[in-house]
Amino acid sequence: MACLLEAPLRISVLSEVTATSRHYVDRLFDPDPQKVLQGVIDMKNAVIGNNKQKANLIVLGAVPRLLYLLQQSSSSPELRTECAVVLGSLAMGTENNIKSLVDCHIIPALLQGLLCPDLIFIEACLRCLRTVFISPVTPVQLLYTDPTVIPHLMSLLSRSQRTQEYITQIFSHCCKTPEHQTVLFSHGAIQNIAPLLIYHSYKVRMQALKCFSVLAYENTQVSMTLVNVLVEGELLSQVFVRMMQRDQPIEMQLTAAKCLTYMCRAGAIRTDDSCVVLKALPCLVRMCSKEHLLEERVEGAETLAYLMEPDVELQRIASTTDHLVAMLADYFKYPSSVSAINDIKRLDHDLKHAHELRQAAFKLYASLGSNDEDIRKKITETENMMDRIVSGLSESSIKVRLAAVRCLHSLSRSVQQLRTSFHDHAVWKPLMKLLQNAPDEVLVMASSTLCNLLLEFSPSKEPILESGVIELLCGLTQSDSPALRVNGIWALMNMAFQADQKVKVEIVRSLGTEQLFRLLSDPDSNVLMKTLGLLRNLLSTRTHIDQIMSSHGKQIMQAVTLILEAEHSIEVKEQTLCILANIADGNAAKELIMTNDDMLQKIKHYMGHSNVKLQLAATFCISNLIWNEEDGSQERQDKLREMGFVDVLHKLTQASDPNLCDRAKTAMQQYLA
């Protein structure tokens, strides 16, 4: 019998809840304003901490009615305020609640409410707006739709402590793009918010500080302005330094360090400034220690990685501060079995977010090891480090995989590590697996790493070649992403360096001449440079040169002509002339130049160019064509003399550049021998 009763009982409970909720909504339509006010107050008390009740009221249409009452000038100030309070309470429920509120156009209604002179009502509207805007589901762009909103919010900042707290919190959450930074900056955010950094309320100080961190992030204009700001006679950077003192709350120390980090990265503070070296950097290293909460350790490590990314001196200082390299190893053992399980909720949270620690550690290791050989050695010698990186490459979290491959890329810049750790751990295997199927962001970093593993001195080069990598790399050269095209062709270029004929033939076959020449007219100059580098490596060793030129000579000469005639950088033209010099070194291939008077005139033109690099490359080409010890050299010398090359060479023997002078003299000796 119990089974039969269970379902109807649930229905009756549900209908009872809905009926109660319906009662609250019905009271909002009472003709007596006093009863409406009491109904709103009762609704406020009913929804506090009750997500189910909140959801019911939203479903039953309470929001449009509350917004209507809030916007009516005939509503009493008290009623309008209570409506804003209830809406704020509904917004504190689930993300679905927020979506429903936004769909009912709550944001424009509340922003309109800010024009009312009543301060208590304004504060209630701001509190609700703050709750709506800090939700990840709210489109922050809604704050910027009406251009009068930001200046009005700036004018409300001074009204009360609450307006200061809520408005700065709204700004810090809604400043997501350079355009948002510009809008806030141009409406006086810096001068309006700076005084709040020394306000007596911690909440206000903290939100003001967060505003500066989002305003300064990757923004030179804001950062350069912040450097010169005075708050009661004290430079802003010194205010941030005080906020990083150990007796301040961790959140404040961390955010102040972020502000200085962003100002430094934007070029407003020198990397050797004491506020960076002696204050921000040690503060961020402190945040990485295991006594801090997971999210503090993550934020500390990621901010520190960003601070020192471009600066080798900061990397060296950080690597010797508080045993940082060893400290980061703890990020992979978290939560440890010996963790005090005082707070089950916290432990559950940390277990779900432990991958963020691994991601942060990989990022920081990548930044630490990006330049210095000793630091890289220290990282790879940290307990099980290479195994951890290899594991990270196959983690389920895409962010961890990206951070792990970034760390691997940083370490792969070391010749020593390529020859030892990378070889011992067969790093190339998981890397190849990662390249089979990954988003572009991961592919770019993984293919960059592969480029280094394919360098001639890397022991991984042979096994990678045997794994069928050529097809994969040729596929990358057809990508829409310029970065992937560059990496694909770069890896092929490294592979072709001093390679066997078999490998070179396989590269040309897999890539296809059509794709090779398409890459030679790529709009991205990096792609063009690496393709020329590939061609130069393919056309080395006489038998290889002759074989490739016998099957593809016509197209290659055509491509060389087009590049030499077009508007290209000195580097591109130098590389192209070096390819010609390699062709000129072939036994049969050199005839493709000798029978092409137009090409010979181009070489002559570049021998007289104003740029020494181009003169050198062109002279090297002629030197190869007239070399005495080779068949037919006499006929080639005669033809080039008739075309005026001897006069040009004679002139170059007087060149001020010693290399060019020597090269010209060596060529002239072929005529004298």
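Over residues 61-97 the chain is 76% helix and 0% strand, and the C-alpha atoms at the two ends sit 12 Å apart. Helices here are DSSP runs of H or I with at least four residues, strands are runs of E with at least two, and both are numbered from the N terminus. Everything comes from a predicted model, in which local features need pLDDT of at least 70, side-chain atom pairs count only at pLDDT 80 or more, and totals for chains, interfaces and linings use all residues. Residues are numbered from 1 along each chain as its sequence is written, and side-chain values use heavy atoms, with hydrogens and water left out.

## The annotated repeats

Why look at that stretch? The UniProt annotation "repeat: ARM", from an unreviewed entry, covers residues 61-97 and 511-553. UniProt positions follow the numbering used here, feature names are shortened, and annotations may be inferred rather than shown by experiment. Over residues 511-553 the chain is 79% helix and 0% strand, with end C-alpha atoms 16 Å apart.

Inside the 61-97 stretch you can find helix α4, residues 62-71. Of its 10 residues, 7 are buried, where buried means under 20% relative accessible area, exposed means over 50%, and partly exposed is in between (1.4 Å probe, protein chains only). The buried residues of α4 are A62, V63, R65, L66, L67, L69 and L70.

## Spaces in the model

Now for the empty spaces. On a 1 Å grid over the protein atoms alone, a cavity is a set of points where a 1.4 Å probe fits but cannot get out, while a pocket is an open set with protein on both sides within 12 Å along at least five of seven lines; lining residues have an atom within 4 Å of a point. Grid points are joined across faces, edges and corners, and a volume is the space filled by probe spheres set on the points.

The structure holds 1 cavity of 30 Å³ or more, and the largest cavity contains about 30 Å³ of space. Its lining is made of V508, T513, L516, L535, L538, I548, H552 and I556. Helices α33 (513-519), α34 (525-538) and α35 (542-565) each supply at least two of the lining residues, and α35 gives the most, with 3. By class, this lining has 6 nonpolar, 2 polar and no charged residues. In this scheme Ala, Val, Leu, Ile, Met, Phe, Trp, Tyr, Cys and Pro are nonpolar, Asp, Glu, Lys and Arg are charged, and the others, Gly among them, are polar.

The largest pocket has a volume of about 1400 Å³. Its lining has 42 residues, and Y217, K258, Y262, E302 and T303 lie nearest the centre. Several helices each supply at least two lining residues, among them α16 (250-265), α18 (294-308), α21 (344-368) and α24 (398-411). The largest share, 8 residues, comes from α18. The pocket lining divides into 14 nonpolar, 13 polar and 15 charged residues.

## The nonpolar core

In soluble globular proteins, nonpolar side chains tend to be buried together. A nonpolar core is a set of buried Ala, Val, Leu, Ile, Met, Phe, Trp, Tyr and Cys residues joined through side-chain atoms within 4.5 Å. The largest one in this model has 240 residues, and F240, L368, L580, I593 and I603 have the most contacts inside it. Contact means heavy atoms within 4.5 Å. Leaving aside neighbours within four places in sequence, L580 is in contact with M557, V560, L564, I593, M599, I603 and C621.

## Five residues to find

Here are some positions to pick out in the structure.

| Residue | Relative accessible area | State |
|---|---|---|
| P108 | 47% | partly exposed |
| S367 | 5% | buried |
| T255 | 6% | buried |
| V405 | 0% | buried |
| V503 | 13% | buried |

P108 is in helix α7, residues 106-113. Its C-alpha atom is 8.7 Å from that of L143, and P108 and L143 are 35 residues apart in sequence.

The contacts that follow leave out residues up to four places away in sequence. S367, in helix α21, is in contact with A305, M308, E309 and Q315. T255 belongs to helix α16 and touches M206, L209, K210 and S213.

V405 lies in helix α24. Among the residues V405 touches are L393, L431, L434 and V442. The C-alpha atoms of V405 and L443, 38 residues apart along the chain, are separated by 9.4 Å.

V503 is found in helix α32, residues 501-511, and is in contact with L465, I470 and M495. The C-alpha atoms of V503 and L465 are 8.5 Å apart, with their places 38 residues apart along the chain.
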